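Trainee: Hey, could you walk me through this one? I've just opened it and don't know where to look.

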Amino acid sequence: MEIQDTKSTLEVTPRNNEKIKKIWKTAGILLALTVAEFIMAFTMDRGILLYVLFILLTIWKAKYIMMEFMHLGDEAKPLFYSIIVPLIFLVWLLIALAKEGTDIFLMRW
Amino acid sequence: MSAHSTAIGVSSKRGIWGGGNEPLKASYGKLMMWFFLLSDIFTFAAFLISYLAIRVSYPAYAGPADTFVGSNEYWPVPELVFEAVPFLHGIHAPLVFVGIMTFILISSSVTMVLAVEAGHRNDRNDVVKWMLWTMLGGITFLACQAWEWSHFIHGTDAGSVLTYINSLNREVTETVFGANLVVNEYGPAAFAQLFFFITGFHGFHVTIGVVLLFLAFYQAAVGVYDRRGHYEMIEKIGLYWHFVDLVWVFVFTLFYLI
């Protein structure tokens, strides 16, 4: 009986340390932003300012995840825009539902 | 990008109209993964924005933090709800546990990129190693979430006295412990409903992700991708896994910070 050969026939290229360094750097940035959010949660007063800062920091983190980890920035431009541009609809959803929520609040209380 | 594509994404054998081309310089599978993720972004965004809308339709807890008691009259302060850590019963440690969970998920995202990077180099040993770490991170995250849910459902020692309409449609006033879909000791019923629904849907995605990670790990380990000639599957599953991390970043901000 023949033993299946699992030896790779593909050529293995050596590690590119610069690339790996960049990955860890991005991870460091994500961690730093999360720690910043934590510190803000305990030191700042709750209110619109804090919430806006939280959401901006979150979108900033999302940008790093999509651009560096998911390599969206390296894709062809049409692909990049076909993913990013539809997200504009969410801006309207956010505005509409935030208004709806505050109106319900005013009616109830 | 698959191994067969040329620099401009047109198959050299068949020309532009012969099929097998990659119009956006991304393979079919990768393209479809991106569009699936786009639709999933819309689903999660709809959930999270609805959370925000329902949240602002309730009054926020305004008093000092150390006198906080749960009530269905106002929305709770998250850092006073999520303040328990396993094995440290009764210790007030606001957001510590969820911080650990976030750290685990971000770390598993990092090991996933390292696996993708190793896949680009056709380095099977590195792919297998990093996939294993990623899987471990995913399973640990799920275990943490199971504990978090269990604690949320069972509640605190003291509970809260609430007046509410129970499942028999009768108004009752009693001490409520923990949370279910009808009533919870932390805040309005919608608070627990949204928590279960959104973190549950995210956890479901993580579960599927772990299954996919295992499949890719297994196939990489037995040399399927070597025989196929490329490690693109790692890349596609990587996209999904990063997306799960991406959603968690937003869940974390909306549920635990705001």
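Trainee: Okay, which residue follows H3(B), and is its phi positive or negative?

Mentor: That's B:Asn122, and its phi is positive, near 60 degrees. Keep in mind that this is a predicted model.

Trainee: How many residues does H3(B) itself have, and how far does it reach?

Mentor: The helix covers residues 96–120 of chain B, which is 25 residues. From first C-alpha to last it reaches 37 Å, close to the 36 Å expected at 1.5 Å a residue.

Trainee: Is H3(B) mostly covered or mostly open?

Mentor: Mostly covered: 19 of the 25 residues in H3(B) are buried.

Trainee: At what angle do H3(B) and H7(B) pack?

Mentor: About 160 degrees, and their axes are 9 Å apart. Anything over 145 degrees counts as roughly antiparallel, so that's what H3(B) and H7(B) are to each other. The crossing is left-handed.

Trainee: Which residues make that contact?

Mentor: On the H3(B) side they include B:Val98, B:Leu105, B:Met112 and B:Gly119. From H7(B) you get, among others, B:Ile234, B:Glu235, B:Trp241, B:Trp248 and B:Tyr256. By type, the residues of this contact divide into 12 nonpolar, five polar and two charged.

Trainee: Tell me about B:Glu235. Is it buried or exposed?

Mentor: B:Glu235, which is found in helix H7 of chain B, counts as buried because it has 25 C-beta neighbours inside 10 Å, and the cut-off is 20 or more.

Trainee: And what does B:Glu235 touch?

Mentor: Leaving aside residues up to four places away in sequence, B:Glu235 touches B:Lys30, B:Val116 and B:Gly119. B:Gly119 is 116 residues away along the chain, yet the two C-alpha atoms are separated by 7.7 Å.

Trainee: Switching topic: how many residues does each chain put into the contact between A and B?

Mentor: Chain A gives 47 residues and chain B gives 42 residues. On chain A's side, helices H1, H2, H3 and H4 each give two or more residues. H4(A) gives the most, with 11 residues.

Trainee: What types of residue are on that side of chain A?

Mentor: They divide into 31 nonpolar, eight polar and eight charged.

Trainee: H7(B) came up before. How does H2(A) pack with it?

Mentor: H2(A) and H7(B) pack at about 175 degrees, with axes 10 Å apart. H2(A) and H7(B) are therefore roughly antiparallel.

Trainee: Which residues meet there?

Mentor: From H2(A), A:Phe54, A:Ile55, A:Lys61 and A:Phe69 are among them. H7(B) brings residues including B:His242, B:Asp245, B:Phe250 and B:Leu257. That contact divides into 10 nonpolar, three polar and two charged residues. B:His242 and B:Asp245 also belong to the contact of H7(B) with H3(B).

Trainee: What about H1(A)? Which of its residues are buried?

Mentor: A:Ala27, A:Leu30, A:Thr34, A:Glu37 and A:Ala41. What covers the buried residues of H1(A) includes H2 of chain A, along with H2, H3 and H7 of chain B. As for its span, the 27 residues of H1(A) should stretch over 39 Å at 1.5 Å a residue, and the end C-alpha atoms are 39 Å apart, so that agrees.

Trainee: Back to phi. Which residue in the loop between H2 and H3 of chain A should I look at?

Mentor: Try A:His71, which sits in that loop. Its phi is positive, about 55 degrees, although it is not a glycine. Most residues other than glycine have a negative phi. A:His71 is partly exposed, since it has 15 other C-beta atoms within 10 Å.

Trainee: And which one in the loop between H2 and H3 of chain B?

Mentor: B:Phe87 is in that loop. B:Phe87 has a positive phi of about 70 degrees and is not a glycine either. With 5 other C-beta atoms within 10 Å, B:Phe87 is exposed.

Trainee: Last one: how far does H4(B) reach, and what comes just after it?

Mentor: H4(B) has 31 residues and reaches 45 Å, close to the 45 Å expected. Just after H4(B), B:Gly155 takes a positive phi of about 85 degrees. The buried residues of H4(B), including B:Trp130, B:Gly137 and B:Phe141, pack against H3, H5, H6 and H7 of chain B.

How values were computed:
Residues numbered from 1 in each chain as written. Chains lettered and ligands numbered in written order. Predicted model: local features only at pLDDT ≥ 70, side-chain atom pairs only at ≥ 80, totals over all residues. Contact = placed C-beta atoms within 7 Å. Helix = DSSP H or I, 4+ residues; strand = E, 2+ residues; numbered from the N terminus. Nonpolar A, V, L, I, M, F, W, Y, C, P; charged D, E, K, R; others polar. Expected span 1.5 Å × (residues − 1). Buried ≥ 20, exposed ≤ 12 C-beta atoms within 10 Å, placed from the backbone. Axes fitted to C-alpha atoms, helices over the stretch in contact; angles between N-to-C directions. Parallel < 35°, antiparallel > 145°, perpendicular 65-115°, else oblique. Left-handed = near helix turned anticlockwise from the far one by under 90°.
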